[in-house]
Amino acid sequence: MENKKIKLLFVNSTLEKSGLTNVIFNICKNIDRKLFDITILTLSPEPSNSLWNDFKNLGINLFSLNLTRIEWFLKGKNSLVSWVNNFNPDLIQTMSFRATYSVNLLLGHYKIISTIEADLHKNYCDTYGKLIGKYFAEKELASFDKATIKIVCSKSLKDIYSKKIDNINIVQNGVNDELYYTITIDEKIDLRKKLNLETDKIIFLSVGALSKRKDPLTIIKAFKNYKNAHSYQLLFLGDGVLMKECIDEAAGLNIKFLGNVDNVHEYCQAADVFISASHSEGLPNSVLEAGMCGLYCILSNIPQHTEIFDDKSKQAAFFETENNNEITLLLNSYGNLKSTNTIDFSASKMTKQYEELYFKAKALIN
C-alpha cells in the first residue's frame with residue numbers, strides 16, 4: 001500500500017518578492033513531491049510584485065484569505081482558524097511575523113515548524129523604532145518558542161536566540177543553483193552587452209533595499225577615494241527610502257541605480273565584485289547568490305557575513321560597519337586579493353535539511 005503524502009501547509013502574509021519568499025520558493029521547488037503535498041495559504045491581498053504565479057507554475061496549491069489590515073483585525077483570527085481546521089494539515093510551516101504569531105497562538109494543537117530569517121530586534125527597531133520594534137520582536141520570539149520545531153537560518157542567529165530559547169535547529173539558506181552559477185569570461189562579456197554594461201571595466205554590484213540597515217551611503221562614500229576611478233562601474237539593484245540621498249551622494253561617480261529587477265542572477269554573473277555594508281542580516285541571500293556566481297565579496301564584518309566564508313575561503317574580505325575608509329582600502333587592493341573560489345549554498349541542500357526536520361516533526365507525539 002502506498003504511503004500517504006505528508007500534508008505540509010505554508011502560512012505566510014503574502015508571496016511578495018523578497019528573500020524570505022525566495023526561501024519558501026526554493027523549498028517548494030526542491031522538496032520531494034512524492035513524499036509531500038504542498039499547500040500555501042496567504043493572509044493578505046497579493047502586492048504587484050508577488051511571486052504567486054511562479055509558485056503556481058510549480059504546481060503548488062495556492063489559497064489566500066485575502067484580508068486587508070482592517071479585515072484581519074476584525075475577523076482574521078477566526079478566518080485563519082476555520083480555514084486551517086477545515087484543511088487539517090499534518091504540518092504547518094511559518095516564516096513571517098504574522099504567520100508565526102497567529103499560528104502558534106491559535107493553532108498550537110497542530111505540529112508547527114517556525115523559522116526565523118533575521119535578527120528581529122535589529123530589523124524591527126530599525127523599521128519601527130526602538131519601542132515598537134522591541135515589542136514586535138519579543139512577540140514573535142515568544143510565539144517562535146512555542147513551535148514544535150524551531151529553525152533559524154544561520155549559526156549567528158542561533159547564538160543570539162539560544163540565550164533565551166532551547167532546542168533551536170540551524171538550516172542555512174540556499175539559493176537556486178540553476179540560476180546562480182559561474183560563467184566563462186566570454187559568456188560574461190556577452191551578458192554585459194545584453195545588459196548594456198561596460199565590458200572593459202571592473203563591475204561592482206550591491207543588491208538590497210536602499211535603507212539605513214543596508215547602509216548604501218557608506219559604499220558610495222568609499223568610491224570617492226577609489227584609486228581606479230576610471231576603470232569601474234558600480235551598480236545598485238533595489239529601491240528604498242534612501243534612493244534620492246544615494247543619487248545625490250553619487251554625483252560625478254560612475255554609479256548606476258537600477259531599482260528592482262527580475263534578473264538579479266544575470267547581474268551577479270556579469271559582475272566581478274559584490275559589496276554589502278549591511279548592519280544586520282539573517283543569512284543574506286544576496287551574498288549567497290553572488291558567492292555562488294563566483295564573485296569576490298567585500299562585506300561588513302557582521303557574523304552573518306563571516307559565517308558564509310569559512311577560514312579557508314579567499315573569496316571575501318571584511319570591513320568594520322560604517323567604515324568607508326576600510327572599504328576604499330579593500331577596493332584599492334582588489335587586484336591582489338581576488339580569488340576564483342566559489343561557495344556552495346544550494347537550495348537542494350537546504351531543502352534536504354528541511355525535509356529531515358519535517359519528518360522529525362511528523363514523528364513526534366502531540
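## Nonpolar cores

In this predicted model, the largest nonpolar core holds 44 residues, and those that touch the most other members are Leu-120, Tyr-161, Leu-205, Tyr-267, Phe-274, Ile-308 and Phe-309. Two or more residues of this core come from each of the helices α5 (120–128), α6 (130–144), α7 (155–161), α11 (264–270) and α12 (285–292). The strands β8 (202–207), β9 (232–237) and β12 (296–300) likewise give two or more residues each. A second core, separate from this one, consists of 28 residues, with Phe-25, Ile-60, Met-95 and Ile-113 among them.

Phe-309 may be examined individually. When residues up to four places away in sequence are not counted, Phe-309 touches Val-287, Cys-297, Leu-299, Gln-315, Ala-316, Phe-318 and Ile-343.

## The six-stranded sheet

An open sheet is formed by 6 strands with parallel pairing, in the order β10-β9-β8-β11-β12-β13. Its edges are β10 (255–259) and β13 (316–319), each of which pairs on one side only. Direction ignored, neighbouring strands of the sheet are turned against each other by 20° on average.

At one edge, β10 is joined to β9 in the parallel sense over 4 bridges. Within this pairing, Leu-234 has Ile-255 of β10 as its bridge partner. Helix α9 (residues 216–223) packs on the sheet and touches β8, β9, β10 and β11 (273–276). The direction of α9 makes about 170° with that of β9.

## Strand β5 and its neighbour

Strand β5 (residues 111–116) is largely enclosed by the rest of the structure, because 6 of its 6 residues are buried. Lys-111, Ile-113 and Thr-115 point one way from the strand, whereas Ile-112, Ser-114 and Ile-116 point the other way; all are buried. Ile-113 is also a member of the second nonpolar core.

Strand β4 (residues 91–94) runs parallel to β5 and is joined to it by 4 bridges. In this pair, Thr-94 stands opposite Ser-114 of β5.

## Packing of helices α1 and α16

Helix α1 (residues 19–30) packs against helix α16 (residues 347–363) at an angle of about 80°, and the two axes are 9 Å apart. The two helices are therefore roughly perpendicular to each other. From α1, the contact is made by Val-23, Asn-26, Ile-27 and Asn-30. From α16, the contributing residues are Ala-347, Ser-348, Met-350, Thr-351, Tyr-354, Glu-355 and Tyr-358. By class, the residues of this contact comprise 6 nonpolar, 4 polar and 1 charged.

Helix α16 also contains Lys-360. With a relative accessibility of 43%, Lys-360 counts as partly exposed. Leaving aside neighbours within four places in sequence, Lys-360 is in contact with Ile-149 and Asn-169. Lys-360 and Ile-149 are 211 residues apart in sequence, yet their C-alpha atoms are 8.5 Å apart in space.

## Asp-126 in helix α5

Asp-126 lies in helix α5, an element that gives two or more residues to the largest nonpolar core. Asp-126 itself has a relative accessible area of 32% and is therefore partly exposed.

Not counting residues up to four places away in sequence, Asp-126 touches Lys-212 and Arg-213. The C-alpha atom of Asp-126 is separated by 9.3 Å from that of Ser-211, which is 85 residues away along the chain.

## Asparagines with positive phi

Most residues other than glycine have a negative phi. Two asparagines of the model have a positive value: phi is near 60° for Asn-167 and about 60° for Asn-196.

Asn-167 is found in the loop between α7 and β7 (168–170). Its relative accessibility of 66% is over the 50% limit, so Asn-167 counts as exposed. Asn-196 is found in the loop between α8 (185–194) and β8. Asn-196 is exposed as well, with a relative accessible area of 63%.

Definitions and conventions:
Residues are numbered from 1 along each chain as its sequence is written. This is a predicted model: local features need pLDDT of at least 70, side-chain atom pairs count only at pLDDT 80 or more; totals for chains, interfaces and linings use all residues. Side-chain values use heavy atoms; hydrogens and water are left out. Axes are lines fitted to C-alpha atoms, for helices over the stretch in contact, and angles run from 0 to 180 degrees between N-to-C directions. Angles under 35 degrees count as roughly parallel, over 145 as roughly antiparallel, 65 to 115 as roughly perpendicular and the rest as oblique. Contact means heavy atoms within 4.5 Å. Ala, Val, Leu, Ile, Met, Phe, Trp, Tyr, Cys and Pro count as nonpolar, Asp, Glu, Lys and Arg as charged, and the others, Gly among them, as polar. A nonpolar core is a set of buried Ala, Val, Leu, Ile, Met, Phe, Trp, Tyr and Cys residues joined through side-chain atoms within 4.5 Å. Buried means under 20% relative accessible area, exposed over 50%, partly exposed in between (1.4 Å probe, protein chains only). Two strands pair if DSSP finds at least two bridges between them.
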